[in-house]
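Biologist: I'd like to go through this model with you and ask how each label was earned. Can you put it up?

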Amino acid sequence: MAEVGLPESQQKIENKIEETRQRFKNEYVQDSSDKYDSRDVDRLMKDDSLVEGYLAWRMNVVEDALKMIDESLLWRKEYTVNDLSESCIPKWMFETGAVFLHGYDKEGNKLFWFKVKLHLKDAKTFQDKKKYVAFWLESYAKREPGMPLTVVFDMSESGISNIDMEFVKYIISCFKVYYPKFLSKMIMYEMPWIMNAAWKIVKTWLGPEAISKLKFVSKSEIQGFIDPEYLPPHMGGTDSFKYTYPPLPDDDFQSPVCENGPIVSEDESECKDAEMDCKESLESSFNSEVATKPRKVNFSEDSLKPDDLDKGDGCGRLKGVRRPVTTFKGTLLHISPAEELSFGSKDTEKKCLIILSNVTKHQVAFKVRTTAPEKYRVKPSNSSCEPGTSMDIVVSLHGGFQASPQDRFLVMAAEMEQSSGAALTELAQFWKEVPKAKVMEHRLRCLVLESPKPNSILSPGSESTLASGTNGHQDLHTTLVRVMAINSRLEQKLDMCLWIQKLLMTLVSFLMVFSFSTMYLMWTSYS
């Protein structure tokens, strides 16, 4: 017997993606080619995950997704989102520190902070504030594609003068329409009682697909969502971060630990030994083995066969390292995996492989940095790659450390001149002199693999089914969205029933009072 309410198969989703593209092209683009920014239309036609995001947010209803795409692309052109830069925003907005990105929640989602007490309603600056928020969101979307955000409204010391319902509605529209699937949760910290009525209105704007993402917390509850290391002291945390501008705050990437020790100063005395150690036995290439789909990114990773691992690796450093199967295609380097390094608690899950492939005709220098340098050994972390060759980088946990979803890696690459040397001392000088505009950057996040439960009740057949389901998270999200929509409708009906019940009780009470009053009058008149 078929199960009721199963999510649509991947094939049906792919068909809907193609249908959405075709209908959008025929019904929205054909008659007015200058209606949207051509870059947005091109991206829509090439990026499956973008179209899938719109469909998932509209429960795979193509008609609703098309309206959402139309509204989103019109907004992007109106605010010139593709061309937004720091110079487009008034400097004083950055200096106030009312909006910024910093830190991660417990699920590894970036925190998007709104300091409500620093916001004052002003119609003259409203358009600039809209661009300001769009700038932050677009910068993050380009830097961490597909990675959701957790929005934190810090309402400490805020009052009625800080309430700007139009601005809040705009922020909600950004996540509801313009950046679908970007919202992980929205945390309202220490909301004053005077704002209760205002936020009841906000909840109606969110809609059923986002209402469950709204979390009202106090100082004693917020650590259930964010660890103390990313909370400021007034929230009970230990984060000493203070917003300043310039420059814009970014992840605190530092040089990782190599097997001979940390490479931080990169002076001559340290670099010679590190160069000899970090370049040995790492010339093997996986060029012919990297398999990716042209439009879709698959986040699963396969294990290398023992023969493949040991071939050409006398030191055995690649033994047990899982081979990445996804690739980010950059202008200088192709980087595998595309988005995630997967670590687990088993010994075989404490190492990951990053493969860098030079796709240029010149030598490319690279270095790898991380937000948790004390946890990881990266070998090599600073070297160069010859034209048309690949470099294997082993990233391993050491000591008793465990990977965390908050950990990030940054791969930096820049094209070198033919006269440049490849020694670490020369590379150090190269990185000091290379213009930032010529540096390619790509970020990788950590995925923490869950250990199997000892008392598993899954049968072998069900385990194989789970293992083969590459779309489990997507399907689960779609199902949850549908359940939340049904739940919201039931809540509305329940509220209506309660309201009718109260009305009937009031009428009954009135009738009883009227009856008793009539009986009393009749009794007094007869007596």
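Modeller: Sure. Let's start with charge pairs: this is a predicted model, and the count comes to 20 salt bridges.

Biologist: What makes K91 and E95 a salt bridge?

Modeller: A side-chain nitrogen of Lys or Arg has to be within 4 Å of a carboxyl oxygen of Asp or Glu. For K91 and E95 the N to O distance is 3.9 Å, so the pair meets the cut-off.

Biologist: And why are K91 and E95 separated by about one helical turn?

Modeller: Because they sit four residues apart in helix α5, residues 91-96. As for E95, its relative accessibility is 44%; exposed needs over 50% and buried under 20%, so partly exposed is the label.

Biologist: How do you know that D227 and K106 link distant parts of the chain?

Modeller: Look at where they lie: D227 is in the loop between β5 and β6 (257-258), K106 is in the loop between β1 and β2 (110-115), and they are 121 residues apart. Their closest N and O atoms are 3.8 Å apart, so the salt bridge rule of within 4 Å is met.

Biologist: Are those two residues buried, exposed or partly exposed?

Modeller: D227 has a relative accessible area of 23% and K106 has 38%. Buried means under 20% and exposed over 50%, so D227 is partly exposed, and so is K106.

Biologist: What about K375 and D407: why are they called buried?

Modeller: Set the values against the 20% limit: K375 is at 13% and D407 at 5%, so both count as buried. Their closest N and O atoms are 3.1 Å apart, in a salt bridge. K375 lies in the loop between β12 (364-370) and β13 (376-379), and D407 in the loop between β15 (390-397) and β16 (408-415), so the pair ties together parts 32 residues apart in sequence.

Biologist: What makes R23, E27 and E63 one network?

Modeller: Their salt bridges share partners, and that joins the three residues.

Biologist: On to the sheet. What makes β1 and β5 edge strands?

Modeller: The open sheet has five strands in the order β1-β2-β3-β4-β5, with mixed pairing. β1 (99-104) and β5 (214-217) each pair on one side only. Neighbouring strands here are turned by 25 degrees against each other on average, direction ignored.

Biologist: How do you know that β4 and β5 pair?

Modeller: Pairing takes at least two bridges. Four bridges join β4 (residues 183-189) to β5, so the pair qualifies, and the two run parallel. In β5, V217 is the bridge partner of Y189.

Biologist: Which residues touch the most other members of the largest nonpolar core?

Modeller: F24, F112, F114, W136, F153 and F175 do, out of 80 residues. Leaving out residues up to four places away in sequence, F175 touches W57, F112, L137, L149, V151, P180, F182 and L183. Another core lies apart from it, with 26 residues, including L332, F343, V364 and C446.

Biologist: Where is the pLDDT below 50?

Modeller: The protein averages a pLDDT of 77, and 75% of the residues score at least 70. Residues 1-6 fall below 50, with one contact beyond near neighbours in sequence. Residues 259-315 are also below 50, though that stretch has 105 such contacts in the model. Where pLDDT is low, the predicted coordinates should not be read in detail.

Methods
Residues numbered from 1 in each chain as written. Heavy atoms only, no water. pLDDT = per-residue confidence, 0-100. Contact = heavy atoms within 4.5 Å. Axes fitted to C-alpha atoms, helices over the stretch in contact; angles between N-to-C directions. Core = buried A, V, L, I, M, F, W, Y, C linked by side-chain atoms within 4.5 Å. Buried < 20%, exposed > 50% of the residue type's maximum accessible area, 1.4 Å probe, protein only.
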